[in-house]
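Me: Could you help me read this structure, step by step?
Reply: Certainly. Please look at it first, and then ask about whatever catches your attention.

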Amino acid sequence: MTNMLDTIVAAATPPGVGGVAIVRVSGDKTEQIARTLLGSLPEPRSATFRTFKNAVGEKLDAGLALYFPAPASFTGESVLELHGHGGPLVVSLLVEAIVGEGCRRAAPGEFSQRAFLNDKLDLVQAEAIVDLINAGTTQAARAALRSLSGAFSRAVEALAAQLIRLRLHVEAAIDFPEEEIDFLSDDLLLGRLQECADAFTLLREQAKQGRVLRDGFQVVIVGKPNAGKSSLLNLLSGQDAAIVTEIAGTTRDILREQIDIDGLAVELVDTAGLRENPDRIEEEGIRRARQALHGADAVLWIQDATDANAEQLDEPLPDGVPITVVRNKIDLSEATMQSAEGSVCMSAKTGQGLDALRAQIRRLAGYQNQGEGAFTARKRHLQALDSAAEHFQAGRTALEETRAGELLAEELRLSHQALGEITGAVSSDELLGRIFSEFCIGK
Ligand SMILES: Nc1nc2c(ncn2[C@@H]2O[C@H](COP(=O)(O)OP(=O)(O)OP(=O)(O)O)[C@@H](O)[C@H]2O)c(=O)[nH]1
Ligand SMILES: [Mg+2]
């Protein structure tokens, strides 16, 4: 980890030309730097117009200066923000002048890392900053903002509080071995265990949604040549993105399109038709199609409803990834629009059945537009939650099998520890390094 004692500086605005650029400084030397560059210390938390000068008194720029004395700042340290003109040269002159005052350039995410280490934010909130910056849909942005304001953290902490109460209960009971205790006849304990199990189920559901909101959902479209895969991609995306012809084997390359289904960010992947004895170019296309299947969250298997052998595909589809059969060209087929469970009937030409397909994709993603209730979550959070839930369940099973509290107590401790990794109550330098290196410089 980087040295927390250094004073750090970076541009907080993106590189390039703009109306305004902001240079931010954080650390012990901030006050001295402000005096050198601005002539005197500005009034705290009040925007003042100043000339920015280097150590030998040369004017570099002029603009607004904002000073936040510790600990009332984003990082918890003294922070200075200089809002100057938005040109790359102006910014680099300012940063150089500040580095000359005994400062160092900030590493990616270092401002947020300090905010975390100074207890201004927990890990979930720090990660939500990045999620908000990178949000691709309005819903994802709102959900990230809710995580940032602590909605997810509070839910995790509430569950942790339940676990603590359980641990106290169990450990207090273990401490009186002379009283022959039968844990399984302790209704209060059993009731609390059930409450906790329900809370785990709910939070895992919410976090799964949060993950989909943050990372989006990848849907790979496969099928035989000419089944209508590219037509379907065009219909769903509302654009003429892929070439469609009546010639089998039109698509050779992978084509990706981002679409938004009621706030769910979906990446659609169109692929080459799968068949035996393709030509050389098609063969490469099929290889790429197989590769695309590996990254899929869900697969749409497009079948031509007019093809009697539509259900035969000379290709194993991946295990463990939900596959939806889409019976296309229903406008040409005698068959009715009867959809079996997990399959959709439609026409990529007339648009018939499109709503059902969109609903199916939402279902596959487990996505309900939760509006105000949603927060963003990451794979890391889901893994920690899963691990916490597994330990909790193992504890319950152990109790039922052995009727003794010791194993339960130990599993509850491990479960509590796994939960702590989410907000950073329990964290390692390695984990922190990994998380904050994803941030941009100046954040
Ligand atoms: N009538 C009708 N024709 C369709 C429908 N969907 C696709 N087609 C036609 O079927 C032909 C093949 O469509 P594509 O979308 O290129 O099929 P594909 O699966 O992408 O084919 P390849 O890229 O060759 O694997 C085109 O002539 C489309 O106009 C449909 O629902 N109804
Ligand atoms: Mg195609």
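Me: Is lysine 329 buried or exposed?
Reply: Lysine 329 counts as buried, because it has 23 C-beta neighbours inside 10 Å and the cut-off for a buried residue is 20 or more. Please keep in mind that this is a predicted model.

Me: Where is lysine 329 in the chain?
Reply: Lysine 329 is placed in the loop between β11 (323-328) and β12. Its phi is positive, at about 65 degrees, although lysine 329 is not a glycine.

Me: Why mention the sign of phi?
Reply: Most residues other than glycine have a negative phi. Aspartate 262 is another residue with a positive phi, of about 50 degrees, and it is not a glycine. Aspartate 262 lies in the loop between β8 and β9.

Me: And is aspartate 262 buried, exposed or partly exposed?
Reply: Aspartate 262 is partly exposed, because 13 other C-beta atoms lie within 10 Å, and that class falls between 12 or fewer for exposed and 20 or more for buried.

Me: Those loops join strands. What sheet do the strands form, and in which order?
Reply: They belong to an open sheet of six strands, ordered β8-β9-β7-β10-β11-β12, with mixed pairing. Strands β8 (255-261) and β12 (343-345) stand at the edges with a single partner strand each, so one side of each has no neighbour in the sheet. From one strand to the next, the twist averages 25 degrees.

Me: How do β7 and β10 pair?
Reply: Strand β7 (residues 217-223) pairs with strand β10 (residues 298-304) in the parallel sense, over five bridges. Within this pair, valine 222 stands opposite tryptophan 301 in β10.

Me: Which helix packs on that sheet?
Reply: Helix α9 (residues 280-294) does, and it touches β7, β9 (264-270) and β10. The direction of helix α9 makes about 145 degrees with that of β7.

Me: New topic: which residues are closest to ligand 1?
Reply: The closest are Gly228, Ser230, Ser231, Thr251 and Gly273, from a total of 24 residues that surround ligand 1. Helix α8 (residues 229-237) gives the most to this shell, with three residues.

Me: What classes of residue make up the shell around ligand 1?
Reply: The shell around ligand 1 has seven nonpolar, twelve polar and five charged residues.

Me: How is the whole chain divided into domains?
Reply: The chain has domain 1 (8-121), domain 2 (128-213 + 375-424) and domain 3 (217-364). The C-alpha centres of domain 2 and domain 3 are 39 Å apart. Their contact takes six residues from domain 2 and five residues from domain 3.

Me: Which element gives the largest share on the domain 2 side?
Reply: Helix α5 (residues 138-148) does, with three residues. By class, the side of domain 2 that touches domain 3 has two nonpolar, four polar and no charged residues.

Me: Back to strands. How does β2 pair with β5?
Reply: Strand β2 (residues 18-26) and strand β5 (residues 79-86) pair in the antiparallel sense over eight bridges, and isoleucine 22 stands opposite histidine 83 in β5. Strand β4 (residues 59-68) also pairs with β5 in the antiparallel sense, over five bridges. There, leucine 66 has glutamate 81 in β5 as its bridge partner.

Me: What sits in the loop between β4 and β5?
Reply: Proline 71 has its place there. A cis peptide bond joins alanine 70 and proline 71, with omega at about 0 degrees, whereas most peptide bonds are trans.

How values were computed. Residues are numbered from 1 along each chain as its sequence is written. Chains are lettered from A and ligands numbered from 1 in the order in which they are written. This is a predicted model: local features need pLDDT of at least 70, side-chain atom pairs count only at pLDDT 80 or more; totals for chains, interfaces and linings use all residues. Two strands pair if DSSP finds at least two bridges between them. Helices (H or I, at least four residues) and strands (E, at least two) are DSSP runs, numbered from the N terminus. Axes are lines fitted to C-alpha atoms, for helices over the stretch in contact, and angles run from 0 to 180 degrees between N-to-C directions. Two residues are in contact if their C-beta atoms, placed from the backbone, lie within 7 Å. Domain bounds come from an automatic or database domain assignment. Ala, Val, Leu, Ile, Met, Phe, Trp, Tyr, Cys and Pro count as nonpolar, Asp, Glu, Lys and Arg as charged, and the others, Gly among them, as polar. A residue is near a molecule or strand if its C-beta atom, placed from the backbone, lies within 6 Å of it.
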